[in-house]
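Colleague: Could you take me through one part of this model in detail, with the charged side chains and what surrounds them as the subject? I would like a connected account rather than a list.

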Amino acid sequence: MHNAAFAARGLNWRYFACEVHPRDLRAAIEGARVMGFAGLNLTVPHKLLALELVDALDKSAKKWGAVNTIRFESTGLDGRAKVRAVGFNTDAGAIAAALREDLQLELPGARVLL
């Protein structure tokens, strides 16, 4: 899905899976930053660990207390740009969108049992 979207937009990007042991997550994030990755997606058990390993948290990651997406952002335009890792959580928004779009269910004010 991601690779098809990249190709459709003419981007020379690739999306691939890597297996990373939790003890190596810090090194994996730093390696991706250094290699110029645009970002990363994380799954369990990394979502909680990543909270402490990124440079900044988006309001979604702060609200839900987990990071499932990391975007690498270049800061500084003086030729000495630094790249910071920003953590996001797209899980809750994706679930709400799926319920709204697929089931025509609006969550505000609804009672939900999980």
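Modeller: What follows is a close look at one arginine and its partners, and then at the strands and some backbone details. Please keep in mind throughout that this is a predicted model.

The residue to begin with is arginine 33, which is placed in helix α2, spanning residues 25-34. With a relative accessible area of 16%, arginine 33 counts as buried, because the cut-off for that word is under 20%. Leaving aside residues up to four places away in sequence, arginine 33 is in contact with Asp55, Phe72, Val83, Arg84 and Ala85.

Two of the salt bridges in the model involve this arginine, and they are best taken in turn. In one of them, the side chain of arginine 33 meets that of glutamate 30, with an N to O distance of 3.0 Å. Both of these residues belong to helix α2, where they are three residues apart, or about one turn of the helix. Glutamate 30, at a relative accessible area of 37%, is partly exposed, whereas arginine 33 is buried.

In the other, arginine 33 pairs with aspartate 55, and here the N to O distance is 2.7 Å. Because arginine 33 sits in helix α2 and aspartate 55 in the loop between α3 and β2, this pair ties together parts that are 22 residues apart in sequence. Aspartate 55 is itself partly exposed, its relative accessible area being 47%.

A further salt bridge links arginine 84 with glutamate 73, whose closest N and O atoms are 3.1 Å apart. Arginine 84 lies in strand β4 and glutamate 73 in strand β3, so this pair ties together parts that are 11 residues apart in sequence. Arginine 84 is partly exposed, at a relative accessible area of 34%, while glutamate 73, at 18% relative accessibility, counts as buried. Turning back to the earlier pairs, Glu30, Arg33 and Asp55 are joined into one network by salt bridges that share partners. The structure as a whole holds five salt bridges, among them those described here.

The strands give the setting for the pair formed by arginine 84 and glutamate 73. Strand β3, made up of residues 69-75, runs antiparallel to β4 and is joined to it by seven bridges. Within this pairing, glutamate 73 stands opposite arginine 84 of β4, and these are the residues that also form the salt bridge at 3.1 Å. Strand β4, which covers residues 82-88, pairs as well with strand β2, residues 56-57, this time in the parallel sense and over two bridges. In that parallel pairing, alanine 56 is found opposite valine 86 of β4.

Two backbone details complete the account. The peptide bond that runs from valine 44 to proline 45 is cis, with omega near 10°, and proline 45 is placed in the loop between β1 (39-41) and α3 (46-49). Glutamine 104 has a positive phi of about 55°, although it is not a glycine. Glutamine 104 lies in the segment after α5, the helix of residues 91-103, and at 62% relative accessibility it counts as exposed.

Notes:
Residues numbered from 1 in each chain as written. Predicted model: local features only at pLDDT ≥ 70, side-chain atom pairs only at ≥ 80, totals over all residues. Heavy atoms only, no water. Helix = DSSP H or I, 4+ residues; strand = E, 2+ residues; numbered from the N terminus. Buried < 20%, exposed > 50% of the residue type's maximum accessible area, 1.4 Å probe, protein only. Pairing = 2+ DSSP bridges. Contact = heavy atoms within 4.5 Å. Salt bridge = Lys/Arg side-chain N within 4 Å of Asp/Glu carboxyl O.
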